[in-house]
Amino acid sequence: MNKPMPELMQEQAEQFHVWVNKMQTQTEFVLDQHLPGENVVPMRLHEAMRYSVLGGGKRVRALLAYAAGEFCNARLEKTDIPAAAVELIHAFSLVHDDMPCMDDDDLRRGKPSTHKQYGDALALLVGDALQSLAFQIISQEESLKSGQKIKMLHVLALASGSRGMAGGQAIDLESMGIPLSQEELEQMHIHKTGALIRAAALMGAYSADNPNQDKVKAVDHFAKAIGLAFQVVDDILDTESDTATLGKTAGKDAKNNKSTYVTILGLHAAKELANELHANAMAALSFYGREADLLRHLANFITHRSF
Ligand code: GRG
């Protein structure tokens with residue numbers, strides 16, 4: 001007998017929750033294995049790198065890589081390294097972003113930011129070393145074919161460089177205190193936040209052997225929309241949530257006089273935009289059945305999260 005709809009949905013939501021916990025644990029394990037130990041010289045740098053990466057974060061980018069990998073029929077263990085690599089780049093960006101010369105924040109993932117704990121000079125080096133480690137672990141991974149590795153390295157380098165995240169951050173710094181139009185804000189976030197999220201999903205797809213090209217395109221369209229939705233929700237949470245829940249300082253954007261989706265559109269329209277982008281992401285998967293369910297659940301998780 002078929003189960004009634006609400007019961008089935010409840011069961012699927014629970015299964016997704018179990019999957020999220022499992023993949024977050026797996027991500028933590030792979031990162032732990034690849035970060036040099038605290039007893040390896042230079043010990044304080046390695047301690048600070050581990051402090052910055054381990055034991056926190058939602059691991060949304062790794063989850064996207066795993067979900068896209070599964071959608072494209074990758075063997076789970078082949079997605080471990082791209083998932084960990086993208087989290088290393090993300091952690092690098094957070095360490096540098098929190099520094100006084102950037103966004104200047106004392107709190108990250110519920111604990112003192114890396115520069116508060118270890119000082120500015122070491123925080124700078126932590127970011128640099130995490131970036132190098134991300135590329136190192138992909139290039140040395142024996143379970144991936146050379147062609148797969150080159151595609152991953154390429155997409156990750158593009159997403160984190162001047163045409164991606166670093167470029168988006170530069171636009172952000174230049175526009176401090178200057179009101180932006182919605183189009184300008186979107187351009188900034190497509191680079192600053194969206195590029196790495198898109199890279200995460202694409203790297204997951206590339207971890208499959210000979211992925212179906214239509215599926216890769218669908219993953220790319222999906223990730224483009226959900227990457228922007230992620231940022232819109234981030235802006236909403238910065239207004240609506242509190243520091244304890246977010247694990248980072250709430251209300252920072254308003255305090256810094258920054259243009260956000262909330263300041264430009266207002267809270268209500270920003271929420272509508274998040275829903276519209278969520279719908280666009282779902283539409284990118286409309287051709288597919290159950291095999292795209294993890295990506296769909298992840299889109300819900302990103303859009304409806306509370307932290
Ligand atoms: C990294 C190439 C490079 C240069 C540094 C500092 C910088 C340039 C870029 C900043 C990029 C940045 C911090 C964007 C904000 C993205 C964002 C909304 C981060 C929060 O992500 P979550 O919510 O964090 O996924 P957790 O802690 O859950 O991982």
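# Notebook: ligand site, pockets and cavities

**Entry 1, the ligand.** I started with Arg61, where a polar side-chain atom lies 2.7 Å from an oxygen atom of the ligand. Worth writing down at once: this is a predicted model, and I read the distances with that in mind. His90 turned up next, with a polar side-chain atom 2.7 Å from an oxygen atom of the ligand. For Arg109 I got 2.8 Å, again from a polar side-chain atom to a ligand oxygen. Then I checked how much of the ligand is covered: on its own it has 740 Å² of accessible area, and the protein covers 92% of that.

**Entry 2, the shell.** Which residues come nearest to the ligand? I found 18 residues around it, and Lys58, Arg61, His90, Arg109 and Ser160 are the nearest. Sorting the shell by class gave me 5 nonpolar, 7 polar and 6 charged residues. I also looked at which elements contribute. Helix H4 (80-97), helix H8 (165-174), helix H9 (182-206) and helix H10 (213-240) each put at least two residues into the shell. H4 has the largest share there, with 5 residues.

**Entry 3, the largest pocket.** Where does the ligand sit relative to the pockets? The space it takes is the largest pocket. I noted a volume of about 1,100 Å³ for that pocket. Its lining runs to 48 residues, and His90, Leu94, Asp97, Arg108 and Lys248 lie nearest the centre. So His90 goes into my notes twice: it lines this pocket close to the centre, and it is among the residues that come nearest the ligand. By class I have 12 nonpolar, 16 polar and 20 charged residues in the lining. Helix H3 (60-71), H4, H8, H9, H10 and helix H12 (252-255) each supply at least two of the lining residues. H4 leads again, giving 7 residues, the largest share of this lining.

**Entry 4, the second largest pocket.** I put the volume of this one at about 420 Å³. It is lined by 22 residues, and those closest to its centre are Ala159, Ile190, Gly194, Ala195 and Arg198. Helix H7 (146-160), H9 and H10 are the elements that give two or more residues to the lining. Which element has the largest share here? It is H9, with 9 residues. The class split I wrote down is 12 nonpolar, 5 polar and 5 charged.

**Entry 5, cavities.** How many cavities of 30 Å³ or more are there? I searched the whole structure and got 2. The largest holds about 120 Å³ of space. I listed 16 lining residues for it, with Tyr51, Ser52, Arg108, Arg109 and Thr114 lying nearest the centre. Two of these names were already on my pages: Arg109 from its ligand contact at 2.8 Å, and Arg108 from the centre of the largest pocket. Helix H2 (43-53), H4 and strand S2 (111-112) each provide at least two residues of this cavity's lining. The lining comes to 7 nonpolar, 5 polar and 4 charged residues.

The second largest cavity has a volume of about 40 Å³. I could write its lining out whole: Asp172, Ser175, Met176, Gly177, Ile178, Leu180, Met188, Lys258 and Ser259. By class these are 4 nonpolar, 3 polar and 2 charged.

**Entry 6, backbone odds and ends.** Last, I went through the backbone. Which residues does a cis peptide bond join? I found Val41 and Pro42, with omega at about 0°. Pro42 sits in the loop between helix H1 (5-34) and H2. I also flagged Arg59, a residue other than glycine whose phi is positive, near 65°. Arg59 is placed in the loop between H2 and H3.

**Entry 7, to keep in view.** H4 is the element I met most in these notes. H4 gives the largest share of the ligand shell, and the largest share of the lining of the largest pocket. H4 also supplies at least two residues to the lining of the largest cavity. H9 is my other bookmark: it supplies at least two residues of the ligand shell and holds the largest share in the second largest pocket.

Technical notes. Residues are numbered from 1 along each chain as its sequence is written. This is a predicted model: local features need pLDDT of at least 70, side-chain atom pairs count only at pLDDT 80 or more; totals for chains, interfaces and linings use all residues. Side-chain values use heavy atoms; hydrogens and water are left out. A residue is near a molecule or strand if one of its heavy atoms lies within 4 Å of it. A polar contact is a pair of N or O atoms within 3.5 Å; within protein, one must be able to donate a hydrogen and the other to accept it, and residues adjacent in sequence count only if both atoms are side-chain atoms. Accessible areas come from the Shrake-Rupley method with a 1.4 Å probe; for residues, only the protein chains shown count as cover. On a 1 Å grid over the protein atoms alone, a cavity is a set of points where a 1.4 Å probe fits but cannot get out, and a pocket is an open set with protein on both sides within 12 Å along at least five of seven lines; lining residues have an atom within 4 Å of a point. A molecule sits in a cavity or pocket if more than half of its atoms lie within 2 Å of its grid points. Helices (H or I, at least four residues) and strands (E, at least two) are DSSP runs, numbered from the N terminus. Ala, Val, Leu, Ile, Met, Phe, Trp, Tyr, Cys and Pro count as nonpolar, Asp, Glu, Lys and Arg as charged, and the others, Gly among them, as polar. Grid points are joined across faces, edges and corners, and a volume is the space filled by probe spheres set on the points.
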